[in-house]
Amino acid sequence: MSRISSPPPPSATPRTRTRTHTRAAAFAGGSLLAATALTVGSLAGTATAQPSAAAAKVDNPYAGAKVYVNPEWSANAAAEPGGSKVSNQPTGIWLDRIAAINGANGKMGLRAHLDRALSQSGGSPTVVQLVVYDLPGRDCSALASNGELGPTEIDKYKTQFIDPIASILGESKYANSNLRIVTTVELDSLPNLVTNTGGRATATPECDTMKANGNYVKGVGYALNKLGAIGNVYNYVDAGHHGWLGWDDNFNPSAQIIKQAATAEGSTVDKVAGIIVNTANYSALKENNFTINDSVNGTTVRQSKWVDWNRYVDELSFAQAFRQEMVNVGFPSNIGALIDTSRNGWGGSARPSGPGAKSDVDTYVNGGRYDRRIHVGNWCNQSGAGLGERPKASPAAGIDAYVWMKPPGESDGASSQVPNDEGKGFDRMCDPTYTGNARNGNNLSGALPNAPLSGHWFSAQFQQLLKNAYPAL
C-alpha cells in the first residue's frame, strides 16, 4: 500500500467559490469481527462486469450505512498500546498493485474483503472503501509511491488491473448485495498534469511525459467507465488538497482536467459520485484561529509565508469550493465530497489555544495555525500529526463523509533506501535530513525518522497519531 499527496505549486492570483448543496443522515460505524485472513481464489474464470440489479444509487452512499472495518488494519491498531480506542474504525483498502487484487504476501484480496464486509453488514447497507491506485507512470512528482507500471503500460493497466477489479465487483454476489462500493480513483494523478508540468519550477520530466502521452486521462476515464457501470459502485475522483490546488492557476484547470478524464474512454460525468480531498495528507480540517479574510496591520493573511497567496487555509472550505467548481464545469449538481481526516487532527500540547499575536501577519498565522508542518508542501510521515475527526457521514454542507481513507499507522514512504519488490522508490521527502525542493519551498521535510516502506506498519507514527489526536481520544 502506498500513497502520498503532492506538494504545492507556486503562488497565484485569487478566486473563491461557495457551496450550498446539503446532505443529511447518520453514520453507523461497522462492527469489528475477528481478524482472520481469508484465502482468495484466482481471478480466472470470473465473469465480465455488467451493470447490476442492485438497489438504485443513493445520493450519499454513507448516509444511514455501516462502513466496513478492515480486520487486517484493525488487528495492527489493536496490537498497539491504546490502539483499541480506534481499532473499530473503518479505513480504506488499497488496491495499489495487480497482486493486491488476489492478495499479496499473505494479505486479504478483494474478494476476501467483500466477503467479510457482507458478514459485517448483518443485512444493513454497508460501505466498502477501495483505493484504486496503479496508473501507468504513477505519482510522477514523487518516488515513494511510484508504481509497478511504466508510463506507456496503459493496456496492461486496463486488462490486468481495472478489468479484474470490475469483474469481481460485478459478480452478482456483490453487485446485487447491500454493499455500497466507494472507489477512490487514482490519487496524485490528474492534478499533477496541471501543477508539475511545463515551465513551472515544480515541473518534473515524468509529469511532462504523462501529460504528453495522455495515459493519466485515459486510465482514469477507463476506470470510471468500467467501475461506474456497476450499479452499487460510487466513484470519487482525487482532487488533491488545499495546499496543492488552492491557488487560482491550479483550481479551475484541475477541475477541467478531471472533467476531461471523466468524459474519456467512454465515461461520462454521471459516473462520478464526487471528489475526495486530503487523501493521506495532513492539511487541517478547519483552521479556527484565522481566516483568509483577516488582515494584520493592513497586510492580508494571504501574504503570510504559510498561506502564500492561496485562497484557502483548510480542507473543509477547499472541499466545498472545489465541489462547486466541479458543478460549474459540468458535473451533476448533487455530487459530493469526502475529506480524509485520518491524520489531520494536530492535537496534543503543540495545538494553539487561540490566535497568534498581531505583531505581524506571519506571527499571527504561525501562532494560531493548527497545522504544525514546516511547510504545507510536506507530505511524508509528518512529525507532530494526530488522528483527526473520526469517520462520520454528512458532517457539513456538501460533504458526504469524513473518512479514514489512509489507514493511520501505515507509512507514507521509507526514510532511506529499502530494496523491495513492490515498485516503491526512495523519496528524499521521507528523509528527515532532507532540506527540500521547489515543491516544498526548499524547507526541511518534517518527516519522522526510521520509517518503513510506504504502506508498511509504522508503530512510532501510530503512537504519535494517538497522542496528538484531535478530538482527543
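Begin by selecting Val67 and Val127, since these two residues are bridge partners, Val127 being the one that belongs to strand β3. The model in your viewer is a predicted one, and this pair is a convenient place to enter it.

Widen the selection next to strand β1, residues 66–67, which runs parallel to β3 and is joined to it by 2 bridges. Then add strand β2, residues 93–95, which is also parallel to β3 and is connected to it through 3 bridges; here Trp94 has Val131 of β3 as its bridge partner. Finally, bring in strand β4, residues 179–185, where 7 bridges link it in parallel fashion to β3, and where Val182 is the bridge partner of Gln129.

Now colour β3 alone, residues 126–132, of which 7 out of 7 are buried. In a regular strand, side chains alternate between the two faces of the sheet. In β3, Thr126, Val128, Leu130 and Val132 lie on one side, while Val127, Gln129 and Val131 lie on the other, and the residues of both faces are buried.

From the strand, move on to the largest nonpolar core, which has 75 residues, and in which Leu114, Val128, Leu169, Leu190, Phe322 and Phe331 touch the most other members. Select helix α4, residues 154–169, as well, for this helix gives the most to that core, with 8 residues.

Centre the view on Leu169, whose contacts, leaving aside neighbours within four places in sequence, are Leu110, Leu114, Leu130, Tyr174, Ala175, Ile181, Leu227, Ile230 and Val233. Apart from the largest core lies another one, of 18 residues, and among them are Val67, Val127, Tyr133 and Leu338, which brings the tour back to its opening pair, Val67 and Val127.

Notes: Residues are numbered from 1 along each chain as its sequence is written. This is a predicted model: local features need pLDDT of at least 70, side-chain atom pairs count only at pLDDT 80 or more; totals for chains, interfaces and linings use all residues. Side-chain values use heavy atoms; hydrogens and water are left out. A nonpolar core is a set of buried Ala, Val, Leu, Ile, Met, Phe, Trp, Tyr and Cys residues joined through side-chain atoms within 4.5 Å. Buried means under 20% relative accessible area, exposed over 50%, partly exposed in between (1.4 Å probe, protein chains only). Helices (H or I, at least four residues) and strands (E, at least two) are DSSP runs, numbered from the N terminus. Contact means heavy atoms within 4.5 Å. Two strands pair if DSSP finds at least two bridges between them.
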